[in-house]
There are 2 protein chains.
Amino acid sequence: MIKKISIGDIATALNISKSTISFIINGKAKEKRISLALTEKVLQYIDENGYKPSRLAQSLSTGKTMIIGLMVEKISDYFFAQMAYHIEEIAYQNGYKIFYCSTDNDPDKTRELIQLFRDRNVDGYIITPPAGMEKEIQSLIDEGSPVVLFDRYYPDIESSYVILDNFKASYNASKYLAEHAFAHIAFITLDSDQSQMEDRKQGYVKAMAEHGLEVIVEKVLYGNDPAQTVKQLVRFLRQNKRVDAVYFATNYLAFSGVKAINQLGYKIPGTMGIIAFDDHQVFDFYEPTITAVAQPISELARQSIRVLLSLLNKPFEERAVQKVTVPAHFIIRDSTARPL
Amino acid sequence: MIKKISIGDIATALNISKSTISFIINGKAKEKRISLALTEKVLQYIDENGYKPSRLAQSLSTGKTMIIGLMVEKISDYFFAQMAYHIEEIAYQNGYKIFYCSTDNDPDKTRELIQLFRDRNVDGYIITPPAGMEKEIQSLIDEGSPVVLFDRYYPDIESSYVILDNFKASYNASKYLAEHAFAHIAFITLDSDQSQMEDRKQGYVKAMAEHGLEVIVEKVLYGNDPAQTVKQLVRFLRQNKRVDAVYFATNYLAFSGVKAINQLGYKIPGTMGIIAFDDHQVFDFYEPTITAVAQPISELARQSIRVLLSLLNKPFEERAVQKVTVPAHFIIRDSTARPL
DNA sequence: TAATTAAACAAAACCAGTTTAGCAAAATGA
DNA sequence: TCATTTTGCTAAACTGGTTTTGTTTAATTA
């Protein structure tokens, strides 16, 4: 067990004061008028003895931990995992480390996690907030912590956020179906009041209205047992035989939907066209390949961390709220081929 | 910006000393003979004013950060994401927080990350090490940091590890193919010398030998462009027409393999049986469903964090090396139905 | 009744840095 | 030549805890 050396050890060894060393390490040698001779002597000593300042002590005295708290819905989801990956990379380049965790969309768990991050003195937050966390988010901001919401936001809170243009993306996807000879287009969504879900629905509704098509919205439960969701979708499709296209509000709903459609013996494409919101590796691998609204993950990640870093670099009073909306990509694949 | 109160603030407010408060907070009131009256007074004050000790200060003085460093190959992979999820949960229950990151199997990146974790004073490590990190791992152990290797290990280092019984699992999977009328079974693996890959290969080789079958091993490159891998597999299958079953050493190789097989117009099952090592959600969703060797992720996670916690709870001298091997599950699905 | 022990707490050192204020010596200016 | 400025550095306070040692007063014990 090799003991690490401290700034005090160096001070003793060279018979100078800690402050001098601190100034030199932090590049303030000239500013603080430390002679070149001493500066180099110290630098050399550090180099030879492999000294690294303790981040803990640094954090304690500066009040900065250089840690960013990243709270996503579920880190094992492809979308969030990719987000985390990109955010982390840029954070590292800027000297920040990431604490990340999954909220599971559970308000209680999220509250605990926010408290945990607060306890750990993270410098800033990137959060995909579950519904109903307005108070907690607001109090974070009030405390002076930079916060960037991501993927969804609270209309009633003045916070920075980075989101997809869900409405437009959803409108375009729905319009595409309407313009490609599909006559009864169902929208399958979650029973949730998250902002992004509502926006997706509204985009669909607008497109249907413009094309004089029937609005068929089915809200399904998506819990721990995907089989339940499949069952519900089978029932829905049985009761709505006129439906010839299904537009799923999330990719995992599409997974269950495809299972349901297969169970009913419908053909994709042919009897049924499908689109999924939020692309997935598997959509390109499945037979048939599945048309999807793709979120530009790396762009969303870049924007999120960019906004957060800009907040972190400004003092409390100068922090302006930044609201960023990023357009989606529409990836046309086999599952939306014109019905026969 | 509300300023947090410190232990010193309480001391001033109640006109008592910091040490007294510290003892009370840490449940040492009786041991340190603090009167019940004072104890309750302090506790009440803390409750009313919402005091929380600074973890930074605590870490600085105790030398413990209560942070575990978790380094996986790629956090966006389903397997590692799930691992992280389970490990994190148990870590939280024990008061630990997780720093996690992806090595991308890159030795240089890994070295940097280890340094980063070291700088951040993590209390212990769980690592899926890329090849050739023996020196770095050894020096971590020498420094007194508890380390648990996971998924793979270094035969030459006396470190704790938790791995799957890759050899046996692979042997069983290969045997299954051999016993189900497949005559030319190819093993597709990475061009890698990681211990778990070698074990999987050896399991396959043994099963082939026992059944008097030809050993057909193809090492493919898996880089940033999966299309390249698909190309290579198409070429391989074209040149080896006798192959009637393919056993993939990882799930993502299976993805590329299925693409290749589809491109060639082969039927699964029928012309070709396939097995993937390491299960994936999609294998159960794909048509046909794909037989796989499943790693018991939650068990692996539980064991890893259990071993690490047991090391963390012991002083340096008492830490015994723990080597844990966990058996796999073999999940038989449609893709290994008997050839026609 | 004096010496000892226990009770109840305070003071101070320590963790490892940063930062402000200050001080002696040398250089400059009037 | 004496006052002032600059140079080059140090001492000490501060971040917010933990832990060891000390001190006073009251209760036992011999």
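How far apart do the C-alpha centres of domain 2 of chain A and domain 3 of chain A lie? In this predicted model, they lie 29 Å apart. The bounds, taken from an automatic or database domain assignment, put domain 1 of chain A at 7-53, domain 2 at 66-163 + 298-326 and domain 3 at 166-295 + 330-336.

As for how domains 2 and 3 of chain A meet, 9 residues of domain 2 are in contact with 10 residues of domain 3 (heavy atoms within 4.5 Å). Together they bury about 900 Å², with carbon and sulfur atoms giving 49% of that; buried area here is the accessible area (1.4 Å probe) lost on putting two parts together, summed over both. On the domain 2 side, the touching residues come to 5 nonpolar, 1 polar and 3 charged, where Asp, Glu, Lys and Arg count as charged, Ala, Val, Leu, Ile, Met, Phe, Trp, Tyr, Cys and Pro as nonpolar, and the others, Gly among them, as polar.

Then there is the DNA. Around DNA strand C sit 29 residues, and A:I7, A:K18, A:S22, A:Y51 and B:S35 come nearest (a residue is near if one of its heavy atoms lies within 4 Å). Sugar and phosphate make up 57% of the strand C atoms that come within 4 Å of the protein. This surface divides into 9 nonpolar, 14 polar and 6 charged residues.

Residues are numbered from 1 along each chain as written, with chains lettered from A and ligands numbered from 1 in written order. Local features need pLDDT of at least 70 and side-chain atom pairs pLDDT 80 or more, while totals for chains, interfaces and linings use all residues, and side-chain values use heavy atoms, leaving out hydrogens and water.
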